[in-house]
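Please look through the structure below, beginning with its open space and then turning to the ligand, the cysteines and one loop residue.

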Amino acid sequence: MFAVTAARIDVDDPLAGLVLGERPDPELPGDGWATVQVKAASLNHHDVWTLRGVGISADRLPIVLGCDAAGLDGDGNEVIVHSVIGDPDAGGGDETLDPRRSLLSERYDGTFAGLVAVPRRNLVPKPAALSFPEAACLPTAYLTAYRMLFDKSGAEPGATVLVQGAGGGVATALIVLGRAAGYRVWATSRSEEKREHAVELGADQAFPPGARLPERVDVVMETVGQATWAHSVRSLRPGGRIVISGATSGDAPSAELTRIFFTQLTVTGSTMGTRDQLARLARFCEQTGVRPVIDRVLPLDQARDGFAAMIAGDLFGKIVLAVLARGDDPRNPPGCASRPLRSPP
Ligand SMILES: NC(=O)c1ccc[n+]([C@@H]2O[C@H](COP(=O)([O-])OP(=O)(O)OC[C@H]3O[C@@H](n4cnc5c(N)ncnc54)[C@H](OP(=O)(O)O)[C@@H]3O)[C@@H](O)[C@H]2O)c1
């Protein structure tokens with residue numbers, strides 16, 4: 001099968017370890033696993049971290065990249081692949097808390113391939129209303145945003161939520177899910193164009209990074225890390241909460257401890273979500289009409305262009321990789337009709 005793999009780690013030049021080419025079809029690691037024919041997969045910053053050697057050691061390479069996929073199971077059912085490989089019992093009912101849990105592409109080969117092997121329990125029915133590219137956006141960025149908003153934030157609809165770094169996959173997910181659920185969403189971005197897009201998506205207002213806000217907010221959603229941390233702490237009302245799931249710009253900012261205890265803030269970590277939360281997220285999209293924000297859809301063999309755009313921060317929303325079958329029209333792949341392939345910039 002054709003696949004996109006991490007062949008070696010390069011901290012400074014992640015694209016140097018990216019290899020596109022033929023790989024053996026996956027073998028099922030055990031009973032209860034199934035093979036999924038991938039129709040679409042989506043890129044996450046996790047794939048860039050893997051190429052930089054964050055969260056993986058060199059002895060695991062080569063490994064097929066990709067956490068997210070939507071495709072067909074062995075019986076032809078349309079499915080979404082939950083990326084967390086873990087035992088809910090070992091995590092007190094939550095597989096993300098299993099100390100031995102991994103994401104696809106960490107211990108087991110990932111989704112940037114024609115086929116991927118996953119535990120059967122990780123397959124969630126794909127709502128017919130979502131295209132394969134839309135469904136392929138849900139398992140990491142949208143699931144993470146869903147848990148941050150509806151599980152970890154403690155904020156009720158109507159509360160004001162600040163989303164740092166509006167252009168990213170998780171950030172755009174926070175904006176559209178938060179808007180649909182009735183939060184007042186404020187966003188920051190380094191780019192004026194992305195700030196305008198954020199407002200078009202449903203953010204109430206958008207600001208440059210570090211801007212003084214009209215008033216302090218109830219919750220901050222943090223995925224940028226070092227570059228925005230001090231602003232996140234300063235922007236909260238007394239007793240407010242930061243929910244953090246990422247640190248794209250660095251993970252060692254000044255901790256701002258005095259402000260945190262003096263204004264009695266809460267800092268809450270959040271990672272991915274359960275299979276059941278993924279199923280509820282899919283239903284949330286079906287019921288509200290919310291659709292993932294897709295920056296572009298590229299054929300799998302153009303994955304390098306997608307990685308380059310993500311590394312450069314040249315994206316707004318999700319980059320989706322479409323897996324074309326023989327005979328498919330590369331300009332109009334099946335299941336992608338709602339969004340034509342965009343040429344790489
Ligand atoms: N814990 C989890 O389960 C989980 C799940 C998903 C993602 N994550 C993490 O969350 C982060 C975002 O992931 P993603 O897939 O959404 O990535 P992405 O699509 O590449 O987005 C990157 C974001 O970072 C912002 N950014 C980057 N460098 C910045 C800087 N120097 N200053 C300000 N903003 C900067 C960009 O905002 P603008 O360009 O708009 O300013 C953009 O929002 C990553 O670190 C990822 O590893 C964690």
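Which residues lie nearest the centre of the largest pocket, and how many residues line it? In this predicted model, the lining is made up of 49 residues, and those nearest the centre are His-45, Trp-49, Thr-223, Gly-246 and Thr-248. The space in this pocket comes to about 1300 Å³. Two or more lining residues come from each of these elements: α1 (45–52), α3 (138–152), α4 (169–180), α9 (303–312) and β18 (318–322). Of the elements, α1 contributes the most, with 6 residues. By residue class, the lining of the largest pocket holds 24 polar, 18 nonpolar and 7 charged residues.

The ligand can be taken next. It is surrounded by 27 residues, and the closest are His-45, Gly-165, Ser-189, Arg-190 and Ser-245. His-45 thus appears in two lists: it is among the residues nearest the centre of the largest pocket, and it is among those closest to the ligand. Three glycines place polar backbone atoms by ligand oxygen. For Gly-167, a polar backbone atom is 2.8 Å from an oxygen atom of the ligand. The corresponding distance for Gly-168 is 2.9 Å, and for Gly-169 it is 2.8 Å. Each of these pairs counts as a polar contact because the cut-off for N or O atoms is 3.5 Å.

What of the cysteines? The number of disulfides is 0. Cys-137 takes part in none, and the nearest cysteine sulfur to its own belongs to Cys-285, 9.7 Å away. A disulfide requires the two sulfur atoms to be within 2.5 Å, so a pair at that separation does not qualify. Seen from the other side, Cys-285 is likewise in no disulfide, with the sulfur of Cys-137 as its nearest cysteine sulfur. Cys-137 counts as buried because its relative accessibility is 0%. Cys-285 is also buried, with a relative accessible area of 0%.

The last stop is a loop residue. Where is Ser-270 found? Ser-270 sits in the loop between β16 (266–269) and α8 (275–288). Is Ser-270 buried or exposed? Its relative accessible area is 5%, so Ser-270 is buried. Ser-270 and Lys-152 are 118 residues apart along the chain, and their C-alpha atoms are separated by 7.1 Å.

How values were computed: Residues numbered from 1 in each chain as written. Predicted model: local features only at pLDDT ≥ 70, side-chain atom pairs only at ≥ 80, totals over all residues. Heavy atoms only, no water. 1 Å grid on protein atoms, 1.4 Å probe; cavity = no way out; pocket = protein on both sides within 12 Å on 5 of 7 lines; lining within 4 Å. Points joined across faces, edges and corners; volume = space filled by probe spheres on them. Helix = DSSP H or I, 4+ residues; strand = E, 2+ residues; numbered from the N terminus. Nonpolar A, V, L, I, M, F, W, Y, C, P; charged D, E, K, R; others polar. Buried < 20%, exposed > 50% of the residue type's maximum accessible area, 1.4 Å probe, protein only. Near = heavy atom within 4 Å. Polar contact = N/O pair within 3.5 Å; in protein donor to acceptor, adjacent residues only side chain to side chain.
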